[in-house]
Structures are given as C-alpha cells and as structure tokens.
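Reader: Could you take a close look at one part of this protein for me, the nonpolar side chains? I'd like to know what sits inside and what shows at the surface.

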Amino acid sequence: MKLRLVAALVSAALLSACGLNSVPTAEEAAKAKWAEVQNQYQRRADLIPNLVSTVRAAGAQEKSILVEVTQARAAATQVRVSDADLTDPAKVQAFDRAQNAVTLSLQRLQEAYPELKSQANYATLMTQLEGTENRIGISRRDYNEAVQSYNTTIRTFPDAIGAKIFYGAKPMTPFQATTPGAETAPSVNFGNES
C-alpha cells in the first residue's frame, strides 16, 4: 500500500512538472498576443482612411477660400479706372464691384481663419500614422516573444513530456512579413482619389 502511495505521489509530482498547466498557459498567452497584432492592424485599417478624409476635407475647404481670394484679387486688378473714366458710372461701378468681391473674399478668409487647420491636421495625421505603426511593431514583438516562450516551453524538459503526450503541441510560427506588401504601410493620397 505504501508503495502505491509513493508511486502515486511520484507520478503526481512528475505530471505536475510535465507542462500540464504551463503549456496551455503559454499557448493562450501567444494567442492573446496574436489577437492584439490583429487588433492593431484593424485599428490602422479603420483609423487612417478617416484621418486622411478629414485632412483632405479641411484642405479642400481652405483651398476653395484661398482660390476665391486669389481670383477676386486677379479680377480686381483687371478692372482699371483712369482719370478720364471717372465720368463713366458703369466703369466706376465695375471697379467698385471688383473691389467689393475682394473685400468679401477677405472677410470670408478672416471668418474662416480660426478654422483653417490643414497644417495642424497634417501634423495630427503624421503623429497618428507614426503611433499606429509603433503599436503594430510592439504588438508583433510581444507576439513573437510569447511564441518564443511557448516554443521553449514545449521543447524543454519536463514540460515537453506533457506537451507531446497530453496536448500534441506543435511549435507556433512567429510573425514574419510574408504577404506581398505586408511590410509596407498604406499609402496616403491627398489627391481626389479615394
């Protein structure tokens, strides 16, 4: 009876050191890190197009205001009134209309000035792009470390025994950019294309 008890205790001690808990713990940690890698890629896919659209819209608004000012100024310089034309009410009115167009476009520019944010929007976009790429890099690094820990666990004694017998554990693959273009961040285009 004592022999069986000793054998059971020895077996329990050996089994407890055979990766019964450490193998699934390491595997789940690696899976969680992979989920974070996917989360960061999804964040990038969701965030970047929205930021680009915001920057593009702000830039388009500012461009239209500046184009209006430039066009009004150009039109105003084309209307000339000489000393001899001061007796012609039509020429004086044309000159006045052209100058008023410049005044109105400048007023619109002054009203919009606090809202003109394209430079700040571009800076925000660049910061977000950098932060997003850093998060992805950190997530991939954390995943690779978890995979290394898991792979080491299932290959080293005594955990390797439990890993093979109870779980049929196989090594996990660390992250590598194998998809064509995966190592390239999405291009940012501020043109009229989507």
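Author: Here's a walk from the overall fold to the nonpolar core and then out to a surface patch.

Keep in mind that this is a predicted model. The protein chain has five helices and zero strands, so you can read the order from the N terminus simply as α-α-α-α-α. Of its 194 residues, 22% count as buried. Among contacts with a separation of 6 or more, 80% join residues 24 or more positions apart.

Now for the inside. The largest nonpolar core has twelve residues. Val23, Ala26, Ala30 and Val37 are among them, and so are Tyr143, Ala146, Val147, Tyr150 and Ile154. Ala163, Ala169 and Met172 complete the set. Helix H2 (22–78) and helix H4 (118–155) each put in at least two residues of this core, with H4 giving the largest share, five residues. There's also a second, separate core of six residues, including Ile48, Leu51, Val55 and Leu125.

On to the outside. The chain's accessible surface is about 13400 Å², and 57% of that belongs to carbon and sulfur atoms. One nonpolar surface patch covers about 550 Å² and is built from Phe157, Ile161, Ile165, Phe166 and Tyr167. If you want one residue to zoom in on, try Tyr167, which lies in helix H5 (residues 159–167). Its relative accessibility is 37%, so Tyr167 counts as partly exposed: that value falls between the 20% limit for buried and the 50% limit for exposed.

Notes: Residues numbered from 1 in each chain as written. Predicted model: local features only at pLDDT ≥ 70, side-chain atom pairs only at ≥ 80, totals over all residues. Heavy atoms only, no water. Helix = DSSP H or I, 4+ residues; strand = E, 2+ residues; numbered from the N terminus. Buried < 20%, exposed > 50% of the residue type's maximum accessible area, 1.4 Å probe, protein only. Contact = heavy atoms within 4.5 Å. Areas by Shrake-Rupley, 256 points an atom, 1.4 Å probe, with all protein chains shown as cover. Core = buried A, V, L, I, M, F, W, Y, C linked by side-chain atoms within 4.5 Å. Patch = residues over 30% accessible without salt bridge, like charges linked within 9 Å, V, L, I, M, F, W, Y side chains within 5 Å. Salt bridge = Lys/Arg side-chain N within 4 Å of Asp/Glu carboxyl O.
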